[in-house]
Amino acid sequence: MRVQRAVRAAALTEAPLGAFRSCASRPRFLCLNASRQGLTLGAVGRGRAGQRYFSETRLARAGAAEAVLKQAAADPSKLTQEAIIDNLDSVERGRLAKLRNIGIAAHIDSGKTTATERVLFYTGRINSIHEVRGKDAVGAKMDSMELEREKGITIQSAATFCDWVKKENGKDETYHINLIDTPGHIDFTIEVERALRVLDGAVMILCAVSGVQSQTITVDRQMRRYNIPRISFVNKMDRMGANPFKAVEQINQKLRIPAAALQVPIGSEDSFNGVVDLIRMKAIYNDGPKGEIIRETDEIPENLKALAEEKRAVLIETLADVDDEIAEIFLDERTPTPEQMKAAIRRATIGLKFTPVLMGSALADKSVQPMLDAVCDYLPNPSEVENLALDKRRNEAPVKLVSYNSLPFVGLAFKLEESNYGQLTYIRVYQGTLKKGMNVFNARTDKRVKIPRIVRMHSNEMEDVPEIGAGEICAVFGVDCASGDTFTDGGLPYSMSSMFVPDPVISLSIKPKTTKDGNNFSKAMNRFQREDPTFRVHVDAESQETIISGMGELHLDIYIERMRREYKVEVETGQPQVAYRETITQPVKFDHTLKKQTGGAGDYARVVGFMEPLELGENGYTQSKFREEVTGGSINEKYLFACEKGFVASCEKGPLIGHPVLGALMVINDGATHMTDSSEMAFKNATQQAFRKAFKEAKPQVLEPLMKTTITAPNEFQGNIVGLLNKRNAIINDTEIGPEDFTLQADCSLNAMFGFSSQLRAATQGKGEFGMEFSHYSPAPGQLQKELVAKYEKFQADRNKK
Ligand SMILES: Nc1nc2c(ncn2[C@@H]2O[C@H](COP(=O)(O)OP(=O)(O)OP(=O)(O)O)[C@@H](O)[C@H]2O)c(=O)[nH]1
């Protein structure tokens, strides 16, 4: 009883099961409190240093912990921590084991949308198959936007869900799959980033002819960033020159992830008609008009037996390298059973040590179902992935979220979309249950919002649901928030880290052609900005022009086109501009006084300190930083805050060419304040003036974005393309010559790449393709720097004259 009171008196330290587990070794006394609010476990004990501590852990929401309570009533002495967890586990595990959240990501045009269309058809989500740019003019389900259907490219990621019935030990087992189809084009990379942030596994699609392509490498990097286990699917096996084993080799070599084929193809090109499953050594064919009937036989075609044995041996050897159990079997010269192989593939895939490779042709309706089986067999369920939140009350200490319905709710808003019914917010529920009508807290704004409506998305259609469980993905209406906000049930002071948002590299000025469209223009700008964090809009303080920035010309073009179609606004745009940056290259001290004291209220502020370059980060830059090291109170807190504001404003528009400043550290370590004449404004202005002066003395430099450029074209045009690149001072890093096409990788300055697409078309009779992705910032050539500085100075002089 004393313990209970002590626990109640203690400040509540709510933690989910994971955190509770990690401190399980130390508590001395435990007590269970069951109330209408739910179930809590109190712990009183002594810490390592002997200090007394109290903590109370909320185990479950109201009504969700009957099993635990029953046990407590039957025999309280058996109520150990393990028993509590086990009780909850038994309720939750069965559901989670059959749940998969997956994304499909790949190089542009690999067949993601086509494959997803098959998945939806075979799982019964859609009744018929429509092709990307198909003759029936319907278009694939997941490319719901008119522009997507017209251009045949995916622009926005689309979410859907389906149930896949898989045969397991002669029984039908139903798996629930939430699926996100993502765009392939690099300009829409944020869509891939945010999908991967919330998914547990991915299918990486490769083209059987091209293998690993430039965008496959980007997708690989993104999957690594979020520790996403993946299976690989070599699509387009019906194409001339298809070679799945070349793709496997390239995954091993270029992506440096151990990979092995789980299948070998039966027939090739037009006569590709199935695969041999190397684990069970069975031939699998697709029958029926749309390949919907799977026929399995033990008879492997005679001409494939040797190849199947050889590739099975490669699979076992590769697994032995990444899995101890198979390594042991391999060293004993035994052969693993299919069950042992499957278990090892699952362990190694989830452990990010391996990717199993499947193959088929989505367009020819071949071998898509085994890929779905592999999703269930080898990709993790939500409880097998570690998801962390940061505990604000404990100095942002990481806590593990557990995808149990009965725990307090934690979810992440990962994507916003404007719909006919208002703002649609996509949420991944990491813990607990989200219910219609429930109040949730936004961890960023600390505001309470009610969830009026929950839907499951099926591309652009939706299905209302009363609640959504842990580990699932849904969308909600009427919730005002930003992309990346964390929601909790209010009890937990958690926030989740958001996704990586790359900086825009290109910008242009934009205005509506007629003033009457101003209203719709602003509406469109607001909406696009909210939906896409890589699309930015600002009004230039000097020119008063609206400037939009994004990831590439196509990215901005798509928004201009959407404005015309969806908002009926015709716009005028300026020339695309490169998003340059400014930086400094040497340290410099400053001691600056702002003084205007000529009768009446004056202005006074003195700031002293230094500026120095910061070490460059991964992409050739680090954000600029401000630090105050004032001792002795020569500048008070309030004014230091104003100094920081001045610094931030200075970094937004650098002194050299008016572009943002990167990699500069400003430290203020002394100064002076006047009793009556100092103000926040005076300190802000003084800091800006000191910044400007010091920046110019610190050998400033203009940085330009360098783009990783990949060009593919038929071999006969190689000379033309190298010529084009040489003219642009590009650095060619790698050239790979295939039987028909060659692929070239180069670093090019973005500035030199304007107009490249039309020149490439002319130089290759329209057969060349290229893709660009931001690589890093690098100092701009001296001549270009001079031109840019001179242009900016002239612009400022002209403006001052006006
Ligand atoms: N021969 C062949 N063509 C295919 C196959 N799968 C897809 N295609 C074709 O490849 C083109 C691109 O297919 P999509 O499904 O749009 O590819 P995607 O990866 O979704 O494209 P983005 O989202 O724009 O990157 C279309 O013309 C498809 O018909 C296949 O298995 N074999």
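Start with an open sheet of four strands, ordered β34-β35-β37-β36, whose pairing is mixed. Note before going on that this is a predicted model.

**Stop 1: the edges of the sheet.** Select 588–596 for β34 and 625–628 for β36. These are the edge strands, and each pairs on one side only. Look along the sheet next. Ignoring direction, neighbouring strands are turned by 25° against each other on average.

**Stop 2: β34 against β35.** Add residues 603–613, which make up β35. Nine bridges link β34 and β35, and the sense is antiparallel. For a landmark, show Asp591: the residue opposite is Val608 in β35.

**Stop 3: the helices on the sheet.** Keep the sheet on screen and add α16. This helix packs on the sheet and touches β35, β36 and β37, the last of these being 664–672. The direction of α16 makes about 160° with that of β36. Now add α17. Helix α17 also packs on the sheet, touching β34, β35 and β37. Its direction makes about 140° with that of β34.

**Stop 4: helix on helix.** Hide the strands. Select 637–652 for α16 and 680–697 for α17. How do these two axes meet? They come within 7 Å and cross at roughly 40°. The two helices are therefore oblique to each other. The crossing of α16 and α17 is right-handed.

Show side chains at this contact. From α16, pick Lys638, Tyr639, Ala642, Cys643, Lys645, Gly646, Phe647, Ala649 and Ser650. From α17, pick Glu680, Phe683, Lys684, Asn685, Thr687, Gln688, Phe691 and Arg692. Colour them by class: the contact of α16 with α17 has seven nonpolar, five polar and five charged residues.

**Stop 5: strand β33.** Select residues 581–584, strand β33. Are its residues buried or exposed? Both faces are covered. Arg581 and Thr583 are buried on one side, Glu582 and Ile584 on the other. Now add β38, residues 700–714. Strands β33 and β38 run antiparallel, joined by four bridges. Centre on Arg581 to find Leu703 of β38 standing opposite.

**Stop 6: a three-stranded sheet.** Move to β16, β15 and β27. In that order they form an open sheet of three strands with antiparallel pairing. Select 397–401 for β16 and 494–495 for β27: these are the edge strands, each pairing on one side only. Then add β15, residues 387–391. Two bridges pair β15 with β27 in the antiparallel sense. To see a bridge pair, show Leu390 and its partner in β27, Ser495.

**Stop 7: Glu545.** Select 536–539 and 546–550, strands β29 and β30, and look at the loop between them. Glu545 sits in that loop. Why is Glu545 partly exposed? Its surroundings hold 13 other C-beta atoms within 10 Å, and a residue counts as buried at 20 or more and exposed at 12 or fewer. Show Ser509 and Asp540 too: Glu545 touches both, leaving aside residues up to four places away in sequence. Then draw a C-alpha to C-alpha distance from Glu545 to Gly574. The two are 9.9 Å apart in space and 29 residues apart in sequence.

**Last view: the whole chain.** Zoom out. The protein chain has 20 helices and 41 strands. Of its 802 residues, 46% count as buried. Taking contacts between residues at least 6 apart in sequence, 71% join residues at least 24 apart.

Terms used
Residues are numbered from 1 along each chain as its sequence is written. This is a predicted model: local features need pLDDT of at least 70, side-chain atom pairs count only at pLDDT 80 or more; totals for chains, interfaces and linings use all residues. Axes are lines fitted to C-alpha atoms, for helices over the stretch in contact, and angles run from 0 to 180 degrees between N-to-C directions. Angles under 35 degrees count as roughly parallel, over 145 as roughly antiparallel, 65 to 115 as roughly perpendicular and the rest as oblique. A crossing is left-handed if the near helix is turned anticlockwise from the far one by less than a right angle, and right-handed if clockwise. Two residues are in contact if their C-beta atoms, placed from the backbone, lie within 7 Å. Ala, Val, Leu, Ile, Met, Phe, Trp, Tyr, Cys and Pro count as nonpolar, Asp, Glu, Lys and Arg as charged, and the others, Gly among them, as polar. Two strands pair if DSSP finds at least two bridges between them.
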